[in-house]
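Biologist: I'd like to learn how to read a protein model. Could you walk me through one, feature by feature?

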Amino acid sequence: MKEIVELTGLSQPELISFVETLGEPAYRGRQIFAALQHRRLRSFDEITDLSKDLRARLNDVARPSSIKIESRYISSDGTRRYLMKTHDSLPVETVFIPEEHRDTICFSSQSGCPLQCTFCLTAQLGLLRSLTAGEIVEQVLIALNDAYGVGVKPPRGTNLVGMGAGEPFLNFDNLLKALRVMADRDGLYIVPNRVTISTAGIVPKILELAEVADRPHLAISLAAPTDELRNQLMPINKRWPLEELLKACKVFEKSLKPGERFTFEYVMLAGINDSEEQARQLANLLNRHGLKVKVNLIPHNPAEPLPYRPSADETVDRFKQTLEAKGVHTYVRRPRGRDIFAACGQLAARQEKLNIATLNACKDTTTPGVTTR
Ligand code: SAH
């Protein structure tokens, strides 16, 4: 079977080399790059400034896009959540969150996830596969087209968070490649400084990211202040326990730019990790390592068959106060898309009759919302 090249995952120089293999001049590569990444066109047939013959030849050896929206859930607060499907029918979830001064797009790095965090619905799926660079870029192109119209310039800047399904650091090369493609000023022009990647704590990759010249911001999912509890909630902790993780964070801290902080995410599970004692342990742990991080407390999004309940608001407030009293900057993540995320992941489940879920960055909620196609 001949290999079909996915053009959305190619950088501009790679696209130029690709068209040259077809005997086309370099400027055609630039033209196609702009058509896909700036005009956000989704098929060769829409690139009408290419000859019919070239479009036919391209259709033969390449594809501009491979994922499609399966369903779309729109919240009353404007948040748009998508279940997309890859060409091989695997689920990918993406969320578009409009805010006053910017939009944030939360993308997935893998379909499913191999880590077995016990509070996370994506874990129920296991790893289906890592996404290609093109599939990562496409989620952003599709979300922007859907929110504003094909190729329409967004009225605000776009931030990206790699907090959807999957472990981005287990798909490190494709992730960095996608970020390079998206940073091109002739395309989406979303620079790494507008991107935050969240990891469950893949230590070697944290160290590697620290060495990347133009790198995204980093967030670490902590969920517990002790190894004992973290081993239960996030089994990856057995491979890289807290001491090792925080030492890597300390190394990473040296790569921070002035004013840049990195974030620890802490999902609040009632009666499991939300006591005042645990808040003190967490603050002591961070202070002992001299880490100037900020902590984001995330309300747990409960769903069958997860065995946890979200912490009460007062408990979250108390946890925050205890951390702050020990000098740890703490924020409580405001839930968005309340009316559409209840089914967080059951989106995929309902579609696929699989008991799965995802899009963890977008916790919280109650009733399923509108779905349109
Ligand atoms: N694998 C990466 C990115 C995906 S998870 C990571 O672990 O960071 C993104 C965030 O969602 C993590 O902080 C995770 O702790 C959180 N999360 C997972 N399941 C959740 C749930 N059911 N409710 C609330 N937050 C959840």
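Biologist: Let's start with a pair of helices. Which residues in H10 meet which residues in H11?

Modeller: Keep in mind that this is a predicted model. To read a helix pair, look for residues on each side whose heavy atoms come within 4.5 Å. From H10 you get Glu276, Gln278, Ala279, Arg280, Leu282 and Ala283, and they meet Arg318, Phe319, Thr322 and Leu323 of H11. Sorted by class, that contact has five nonpolar, two polar and three charged residues.

Biologist: And how do the axes of H10 and H11 cross?

Modeller: H10 covers residues 276–288, and its axis comes within 9 Å of the H11 axis, with a crossing of roughly 35°. The crossing of H10 and H11 is right-handed.

Biologist: Let's move to the beginning of the chain. At roughly what angle do the axes of H1 and H2 cross?

Modeller: Roughly 130°, with the axes of H1 (residues 12–21) and H2 (residues 26–37) coming within 8 Å. Angles of 65 to 115 degrees count as roughly perpendicular and those over 145 as roughly antiparallel. H1 and H2 are therefore oblique to each other. The crossing is a right-handed one. On the H1 side the contact uses Gln12, Leu15, Ile16, Val19 and Glu20, while H2 brings Ala26, Arg28, Gly29, Arg30, Ile32 and Phe33. Six of the residues in this contact are nonpolar, two are polar and three are charged.

Biologist: I'll try another pair. How do H4 and H5 lie relative to each other?

Modeller: Start with the angle again: the axes of H4 (residues 133–148) and H5 (residues 172–183) cross at roughly 45° and come within 8 Å. Only angles under 35 degrees count as roughly parallel, so H4 and H5 are oblique to each other. They cross in a right-handed way. As for who touches whom, H4 offers Ala133, Ile136, Val137 and Val140, and H5 answers with Asn174, Leu175, Lys177, Ala178, Val181 and Met182. That contact splits into eight nonpolar residues, one polar and one charged.

Biologist: Now for loops. Which residues other than glycine have a positive phi?

Modeller: Phi is a backbone angle, so you read it residue by residue along the chain. Among the cases here is arginine 40, with phi near 55°. Another is serine 89, where phi is near 65°.

Biologist: Where do arginine 40 and serine 89 sit, and is each buried or partly exposed?

Modeller: Arginine 40 is in the loop between H2 and H3 (52–61). Buried means under 20% relative accessible area, so arginine 40, at 3%, counts as buried. Serine 89 belongs to the loop between strands E4 (80–85) and E5 (91–98). Its relative accessible area is 48%, so serine 89 is partly exposed.

Biologist: Where is the cis peptide bond that involves proline 305?

Modeller: For this one, check omega. The bond running from glutamate 304 to proline 305 has omega near 0°, so to speak the signature of cis. Proline 305 itself is in the loop between E13 (294–299) and H11 (313–325).

Biologist: What else can you show me in the loop between E13 and H11?

Modeller: Proline 310 lies there too. With a relative accessible area of 32%, proline 310 is partly exposed. Leaving out residues up to four places away in sequence, proline 310 touches Met268, Ala270, His300 and Pro302. The C-alpha atoms of proline 310 and isoleucine 298 are 9.3 Å apart, and the two are 12 residues apart along the chain.

Biologist: How far apart are cysteine 120 and proline 302, in sequence and in space?

Modeller: Compare the two kinds of distance: 182 residues in sequence, and 9.0 Å from C-alpha to C-alpha. Cysteine 120 is in the loop between strands E7 (110–112) and E8 (127–130), and its relative accessible area of 13% makes cysteine 120 buried.

Biologist: To finish, let's zoom out. How many helices and strands does the protein chain have?

Modeller: There are 13 helices and 15 strands. Of the 373 residues in the chain, 57% are buried. For contacts between residues at least 6 apart in sequence, 68% join residues at least 24 apart. The chain exposes about 15,800 Å², and carbon and sulfur atoms supply 51% of that.

Technical notes:
Residues numbered from 1 in each chain as written. Predicted model: local features only at pLDDT ≥ 70, side-chain atom pairs only at ≥ 80, totals over all residues. Heavy atoms only, no water. Axes fitted to C-alpha atoms, helices over the stretch in contact; angles between N-to-C directions. Helix = DSSP H or I, 4+ residues; strand = E, 2+ residues; numbered from the N terminus. Left-handed = near helix turned anticlockwise from the far one by under 90°. Nonpolar A, V, L, I, M, F, W, Y, C, P; charged D, E, K, R; others polar. Buried < 20%, exposed > 50% of the residue type's maximum accessible area, 1.4 Å probe, protein only. Areas by Shrake-Rupley, 256 points an atom, 1.4 Å probe, with all protein chains shown as cover.
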